[in-house]
Amino acid sequence: MTERKVRVRFAPSPTGPLHIGGVRTALYNYLFARQHGGDMVFRIEDTDSARFVPGAEEYIIESFKWLGIKFDEGVSFGGEHGPYRQSERREIYKKYVQQLLDEGKAYYAFDTPEELEAKRREVENFQYDASTRMQMRNSLVIPSDEVQRMIAEGQQYVVRFLIEPGREVLVDDIIRGEVRINSSILDDKVLYKSADQLPTYHLANIVDDHLMEISHVIRGEEWLPSAPLHVLLYEAFGWSDTMPRFAHLPLLLKPVGNGKLSKRDGDKLGFPVFPLEWHDPKTGEVSSGYREKGYLPEAVVNFLALLGWNPGNDHSEVMSMEELINLFDLGKCSRNGARFDYVKAAWFNHQYLIQQPDEAWVPAFDALLRQHDIVSTAEKEAEVVRMMKLKVIEYTDGEGNKKKRNISFVSDLWPLTQFFFVAPETFDTEDKFIRKNWKENTADEMRRFADVLQGIDDFTVEGLKAVVDPWTEEAGIRPWNAWRVCLVGAGQGPDMYELAAFLGKEETIGRMRRAIEKLS
């Protein structure tokens, strides 16, 4: 038997922004397909027309473009198995609905919502199945000529799948192994609704997966209860030989407490749950996104890949997309839910951020400066990044202790770099660093030092060193920390020669004289 080509699909509904859990599902599909030289199909499940949200489809496509997850065919990508929107495949589905009806594997049901609600009140834990369907208004109990008359008159109906009780249904799951379900616990699911002439998720996905030659269905754990029904549908159509292999991924859990990760968790703890910023067209509400928060797409991909999967060796946590593709193994996915560690997400962003060349920081840093009404040049911004990007990881506090501060986002640079562009206006004399390094005689020493600097024509790092180093030895003055107080106003910043050269002679001496005046 010829081995099937690997073909997977990601099929979101355009009902709003793409949740980060959906991104992980798409990522796992992508890694699996690329590792096996297969294809990834992008479908849109828009059969629930009442929940359609304008702009959602475009948002989803833009999200994957930013993340670097590429599709081989589908909506906006083309391909030989289209159309790829379910709303454009109505006539295809009708054919297969009719096949099930003709073969007695499905039936018409005319029960109104009110009748169904009444039955739920009458029967505890009511389920439309072999034990109750003969009590309902459907084509199993209504004569066929009456059924045709009702349809001709335009009475609304649904088509339900006829499930025979007492059968053991086997779901072969790559992650969970063999899952066995007795068909008696399944209800006769609705497959088609005359109201909008569209199928439900269950029928549409089975037909689409078969016709699009999908070999593996990799989806979230929440879809596991529907898997037995899908197995039975494949059997009903006679497609058992082409049934895809299932893999149900573990849930993404709240960072704290029990249950699935939700937008409310992100709002409460201050992290995004969507890849891009989302503007709700109905409410006007704006939800934060990973891109706008300053995350790098490579960091988001790396972080998500390890939520529920681990390569199972001593490999570094930081992995490129290529490494993830080479190492990915569905069989090593956890069966248990993965807790969403947003602190770890920031850690991953830090790892990728410090690997970037200095010039790659400049666009985001320039945008950050403009938010604070600072207009600079790319050259100056690159110089600040060069001086501060790695040095801020280690710094000395007011007690002389060496400490570390990780930069997870470019936005973290503002409080650490604003002194490059804005002179300190006030000096907190209670600050430990200032109190320790500004003594009674410091003002006089800084005046002498300013006079020395005034006489230097070559205000470069080399020019400053050539004059200042000999002067400090001769004068017996160690001006570095007091000089930092003058120029920065705190115990942070790069090498003082580099800072002074960046500020220039006029700004450096001006800051020193203002500090002397205020601190005196």
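Which residues touch the most other members of the largest nonpolar core? In this predicted model, the answer is Phe340, Trp438 and Leu453, picked out of the 152 residues that make up that core. If you want to know where the core draws its members from, look at helix 1, residues 20-35: its 9 residues are the largest share.

Let's stay with Phe340 for a moment. Setting aside its neighbours within four places in sequence, Phe340 is in contact with a whole crowd, including Ile20, Leu252, Leu253, Lys254, Pro255 and Leu261. Phe271, Tyr290, Phe303, Leu304 and Leu307 are also in contact with Phe340. Two of those names come back in another setting: Phe271 and Phe303 join Phe340, Tyr342, Trp347 and Phe348 in one aromatic cluster.

That brings us to the rings. The model has 34 aromatic pairs. Take Phe42 and Phe71 as an example: their ring centres are 4.9 Å apart and their planes meet at 50°, so this pair counts as tilted. Phe42 belongs to strand 2 (residues 39-42), while Phe71 sits in the loop between helix 2 (56-67) and strand 3 (73-74), so the pair ties together parts that are 29 residues apart in sequence. Both Phe42 and Phe71 are buried.

Trp480 and Trp483 make another tilted pair, with 6.2 Å from centre to centre and 40° between the planes. Here the partners share an element: both lie in helix 18 (residues 480-488), 3 residues apart, or about one turn of the helix. Are they buried or partly exposed? Trp480 has 23% relative accessibility, so it counts as partly exposed. Trp483 comes out at 0%, so it counts as buried.

Rings can also have a charge over them. Arg24 lies over the face of Tyr28, 5.6 Å from the ring centre. Over at Tyr128, the charged end of Arg160 sits above the ring, 3.8 Å from its centre. Tyr128 turns up again in a second, separate core of 9 residues, which also includes Tyr107, Ala109 and Val190.

Now for the strands. Strand 2, the home of Phe42, is part of an open sheet of 3 strands, ordered 1-2-3 and paired in parallel. Strand 1 (7-10) and strand 3 stand at the edges with a single partner strand each, so one side of each has no neighbour in the sheet. Strand 1 and strand 2 are joined in the parallel sense over 4 bridges, and along that pairing Arg9 stands opposite Val41 in strand 2.

Further along is strand 4 (residues 106-109), which pairs with strand 5 (residues 158-161) in the antiparallel sense, over 4 bridges. Ala109 faces Val158 of strand 5. In a regular strand, side chains alternate between the two faces of the sheet. In strand 4, Ala106 and Tyr108 point one way and Tyr107 and Ala109 point the other, and all of them are buried. Tyr107 and Ala109 are the ones you met a moment ago in the second core.

One last stop is the cysteines. How many disulfides are there? The count comes to 0. Cys333 has 6% relative accessibility, so it counts as buried. Cys486, with 1% relative accessibility, counts as buried as well.

Note on methods: Residues numbered from 1 in each chain as written. Predicted model: local features only at pLDDT ≥ 70, side-chain atom pairs only at ≥ 80, totals over all residues. Heavy atoms only, no water. Phe/Tyr/Trp six-rings, centres within 6.5 Å; stacked < 30°, edge-to-face > 60°. Helix = DSSP H or I, 4+ residues; strand = E, 2+ residues; numbered from the N terminus. Buried < 20%, exposed > 50% of the residue type's maximum accessible area, 1.4 Å probe, protein only. Lys NZ or Arg CZ within 6 Å of the ring centre and 35° of its normal. Disulfide = S-S within 2.5 Å. Core = buried A, V, L, I, M, F, W, Y, C linked by side-chain atoms within 4.5 Å. Contact = heavy atoms within 4.5 Å. Pairing = 2+ DSSP bridges.
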